[in-house]
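Biologist: Can you walk me through this one? I want to go over the DNA contacts and then the holes in the protein.

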Amino acid sequence: MLRHGLFEALLRTEPIFRNKEVLRPTYTPEDLPHRSDQINQLASTLVPALRGETPSNVFIYGKTGTGKTAVAKYVGKELIEAGKANGARVNFIYINCEVVDTQYRVLTQIANALTDNWNERIPFTGWPTDEVYAKLREKIDASGGATIIILDEIDKLVFKAGDDVLYNLTRINADLSKARVSLIGISNDLKFTEFLDARVTSSLGEEEIIFPPYDAAQLQDILKQRAGVAFKEGMLENAVIPLCAALAAQEHGDARRALDLLRVSGEIAERESARRVSEQHVRRAQNKIEIDRVTEVVRTLPMQSKLVLLSVILGEEHTQRKGLTTGESYDTYRELCKATGSDVLTQRRVTDLLSELDIMGILTARVISKGRYGRTKEIQLSVPAGETRAVLCEEPQLELACNARLPQQKLSAVL
DNA sequence: TGTCCACTGGAAGGGAGGGCTT
DNA sequence: AAGCCCTCCCTTCCAGTGGACA
């Protein structure tokens, strides 16, 4: 039967958002509060591009959600404008190395960004790498002026493909006659520089810009600025923005997190047809974001890790207490493997899988000594059992064990 | 005080699978 | 196609250990 007025009822409720898009991480705002130092620093490093000189390469470092990408894109946009106004040719190419993560793809991406003509594009596979490099050189030279290349999440590229690309790109100026290239590397992980050739490190790090985390007050400013555009007038209770800022400040001052919180709070309020967004909505949003994160992590776990995790959940259920020993969870795991027809790994391997789950924050495992009764790890689930179990149940192989459970007596005999 | 439990976690190495070169 | 190397996942082996208990 059709429910009449299903959408009418929803449409009648006053919308809370004016423009939700400005709260999304992909949005680059016109104005970046508390980042003027970094903007100026980057701009003054790049300004030689407008004078026909070669700008230094720049390395940008900062934790997630500190505005690195936004600042780089913002300065890029301004630079192109200034170039047009002053008759200087400036190319600005943004590459996210999490997506474009091999030498071939990076070079192709840059070359194709400099081509308007579809027929001249380099195919996504097929060419020898040195030929791509030669073509790229030719295109950069043909385009002339300055070409600024942003390599975002550059650590991902180095881990995946090594530093050959960076080595080649940092030396490309020597092979150019009419044009100049400078690189901006962005990373939230400093460790990756250990894997770089010393020549690449010194060349890439000619200039360094550090993005410190935002504190709670700065996050409030950011939220206020965006909330003004995102929400309709008077839709936020006074406590909402300070709370979002405080919660995000606890998590290493991540602006992305703060904006997510605000957006999800609004969505929850809207779904409930609430008149305004309240503190309660923020708390619920915090909870929802955390559960979504866990759900995503658990869903993408390899099969054996899922088995180990499920055996911890089942083990806690059956023993009716928090905190299992390694031996207990391994016994449950073995039963579970038999019940699902999976391979049984050794205890040694399972301890490693447990440690991995510990590092991911899905459970906590700490070494305790029970004296006479040996030394072991005490393993506790640190995520909601119900939701986690529901995600594990999605796996066809685990569905039965998850829902129908293991044979009761068999398990209790073991435990 | 020494014993001994139930492990921990390092080291070394096997083998499957993918990618690259020849 | 063959050979080689690398990475990942895993096993086997084993020395080491905190602290309750005799």
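Modeller: We can take the DNA strands, then the pockets and the cavity, and keep in mind that this is a predicted model.

Biologist: Fine. Which residues come nearest to DNA strand B?

Modeller: There are 14 residues around DNA strand B, and T326, R348, T351, G374 and R375 come nearest.

Biologist: What classes do the residues near strand B fall into?

Modeller: The surface near DNA strand B has eight polar, four charged and two nonpolar residues.

Biologist: Which part of strand B faces the protein, sugar and phosphate or bases?

Modeller: Of the strand B atoms within 4 Å of the protein, 62% belong to sugar or phosphate, and the rest belong to bases.

Biologist: What touches a base oxygen there?

Modeller: R348 does: an N or O atom in its side chain is 2.7 Å from a base oxygen of DNA strand B. Backbone atoms take part elsewhere. A backbone N or O atom of G327 lies 3.3 Å from a phosphate oxygen of strand B, and one of R372 lies 3.0 Å from a sugar or linking oxygen of that strand.

Biologist: Which elements supply that surface?

Modeller: Two or more residues each come from α14 (326-340), α15 (347-359) and β8 (375-381).

Biologist: And what surrounds DNA strand C?

Modeller: The residues around DNA strand C include Q304, T346, R348, R349, S369, K370, R372 and R375. Sugar and phosphate make up 69% of the strand C atoms that come within 4 Å of the protein. By class, the surface near strand C has five charged, five polar and two nonpolar residues.

Biologist: Which polar contacts go to strand C?

Modeller: Among them, a polar side-chain atom of R375 lies 3.0 Å from a base oxygen of DNA strand C. A polar side-chain atom of S369 is 3.0 Å from a sugar or linking oxygen of strand C. R372 uses a backbone N or O atom, 3.1 Å from a sugar or linking oxygen of strand C.

Biologist: Change of topic. What is the volume of the largest pocket?

Modeller: About 660 Å³. The largest pocket is lined by 32 residues, with P25, G65, T69, A70 and R256 nearest its centre. Its lining has twelve nonpolar, ten polar and ten charged residues.

Biologist: Which element gives the largest share of that lining?

Modeller: α3 does, with four residues. At the level of domains, domain 1 (35-211) and domain 2 (214-297) each give at least three residues to the lining of the largest pocket.

Biologist: And the second largest pocket?

Modeller: The second largest pocket has a volume of about 210 Å³. It is lined by 14 residues, and A227, G228, G234, L236 and I241 are closest to its centre. α9 supplies the largest share of this lining, three residues.

Biologist: How many cavities of 30 Å³ or more are there?

Modeller: One. The largest cavity has a volume of about 50 Å³, and E290, I291, V294, T295, P384, E387 and T388 line it. Four of the lining residues come from α12, the largest share.

Biologist: Why is that cavity said to lie between domain 2 and domain 3?

Modeller: Because domain 2 (214-297) and domain 3 (301-414) both give residues to its lining.

Biologist: Last one: is S311 buried or exposed?

Modeller: S311 counts as buried because its relative accessibility is 1%, and the cut-off for buried is under 20%. S311 lies in helix α13 (residues 303-319). The C-alpha atoms of S311 and S329 are separated by 6.2 Å, with the two residues 18 apart along the chain.

Terms used: Residues numbered from 1 in each chain as written. Chains lettered and ligands numbered in written order. Predicted model: local features only at pLDDT ≥ 70, side-chain atom pairs only at ≥ 80, totals over all residues. Heavy atoms only, no water. Near = heavy atom within 4 Å. Polar contact = N/O pair within 3.5 Å; in protein donor to acceptor, adjacent residues only side chain to side chain. Nonpolar A, V, L, I, M, F, W, Y, C, P; charged D, E, K, R; others polar. 1 Å grid on protein atoms, 1.4 Å probe; cavity = no way out; pocket = protein on both sides within 12 Å on 5 of 7 lines; lining within 4 Å. Points joined across faces, edges and corners; volume = space filled by probe spheres on them. Domains from an automatic or database assignment. Buried < 20%, exposed > 50% of the residue type's maximum accessible area, 1.4 Å probe, protein only.
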